[in-house]
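Reader: Got a minute to go through a model with me? I'd like to talk about packing, a couple of single residues and the cysteines.

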Amino acid sequence: MQDQERRIDDEARRIMVAFPEVFGKPPWRIEETKLAWGLSCGKGWYPLIESLSANLTTIVQQDDLSRFQARQVKQKLGKLRLYSKGGNDRTADRILQAEFEAASKCEHCGMHTGELKSLGGWLTTTCDDCAAILLKSRS
């Protein structure tokens, strides 16, 4: 494994490897893609990203979108973002649906309803329990 790929946690790597139609095949080189950073969000959103990836794989296969590729998956201003290229209206609609779903799910635990909160100037979608833990860990 290349040093830069060690930045990707095991669960993110498992998801990314399982869906080559979405993420391409490893290695993900930092010079070529921001996927070299893995899934840049809390693990609570990983199940949602996995479901999204399965749906995108189906769309890519059905619509023959051989050029589709996720370019980056991250949390930005407390919201899930998946940037891609080579998609169509169906891929865009499914990505928007996932972003909407993430807006009400705790990014950190994934088990509770989350809401957008500012924690010391950092925006995140989180439940009250995880927000307390995060604030405590930063003090």
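Author: Sure, we can take those topics in turn; just keep in mind that this is a predicted model.

Reader: Okay, helices to start. At what angle do α3 and α4 pack?

Author: Helix α3, residues 46-62, and helix α4, residues 89-102, pack at about 170°. Their axes are 10 Å apart.

Reader: And how would you describe their relative direction, parallel or antiparallel?

Author: Roughly antiparallel, because the cut-off for that is an angle over 145 degrees.

Reader: Which residues meet there?

Author: From α3 you have L48, S51, L52, N55, L56, I59 and Q62. On the α4 side they meet R90, T91, R94, I95, A98, E101 and A102. Sorted by class, that contact has seven nonpolar, four polar and three charged residues.

Reader: S53 also sits in α3. Is S53 buried or exposed?

Author: Buried: its relative accessible area is 0%.

Reader: What does S53 touch, sequence neighbours aside?

Author: Leaving out anything within four places in sequence, S53 is in contact with I15, F19, V22 and F23.

Reader: Switching topic. Where is G87?

Author: G87 is in the loop between β3, residues 79-85, and α4. At 40% relative accessibility, G87 counts as partly exposed.

Reader: Which residues is G87 in contact with, again without the ones within four places in sequence?

Author: L65 and F68.

Reader: And how many Å is G87 from D128?

Author: C-alpha to C-alpha, G87 and D128 are 36 Å apart in space, and they are 41 residues apart in sequence.

Reader: Last one, cysteines. How many disulfides does a search of the whole structure find?

Author: Zero.

Reader: Why is there no bond for C127, given that its closest cysteine sulfur is in C130?

Author: The sulfur of C127 is 3.6 Å from the one in C130, and that is too far for a bond, because a disulfide here needs the two sulfur atoms within 2.5 Å.

Reader: What about C41, how far is its sulfur from the closest cysteine sulfur?

Author: That one is in C106, 12 Å away, so it is too far for a bond as well.

Reader: Are C41 and C127 buried or exposed?

Author: C41 counts as buried at 14% relative accessibility. C127 is buried too, with a relative accessible area of 5%.

How values were computed. Residues are numbered from 1 along each chain as its sequence is written. This is a predicted model: local features need pLDDT of at least 70, side-chain atom pairs count only at pLDDT 80 or more; totals for chains, interfaces and linings use all residues. Side-chain values use heavy atoms; hydrogens and water are left out. Axes are lines fitted to C-alpha atoms, for helices over the stretch in contact, and angles run from 0 to 180 degrees between N-to-C directions. Helices (H or I, at least four residues) and strands (E, at least two) are DSSP runs, numbered from the N terminus. Angles under 35 degrees count as roughly parallel, over 145 as roughly antiparallel, 65 to 115 as roughly perpendicular and the rest as oblique. Contact means heavy atoms within 4.5 Å. Ala, Val, Leu, Ile, Met, Phe, Trp, Tyr, Cys and Pro count as nonpolar, Asp, Glu, Lys and Arg as charged, and the others, Gly among them, as polar. Buried means under 20% relative accessible area, exposed over 50%, partly exposed in between (1.4 Å probe, protein chains only).
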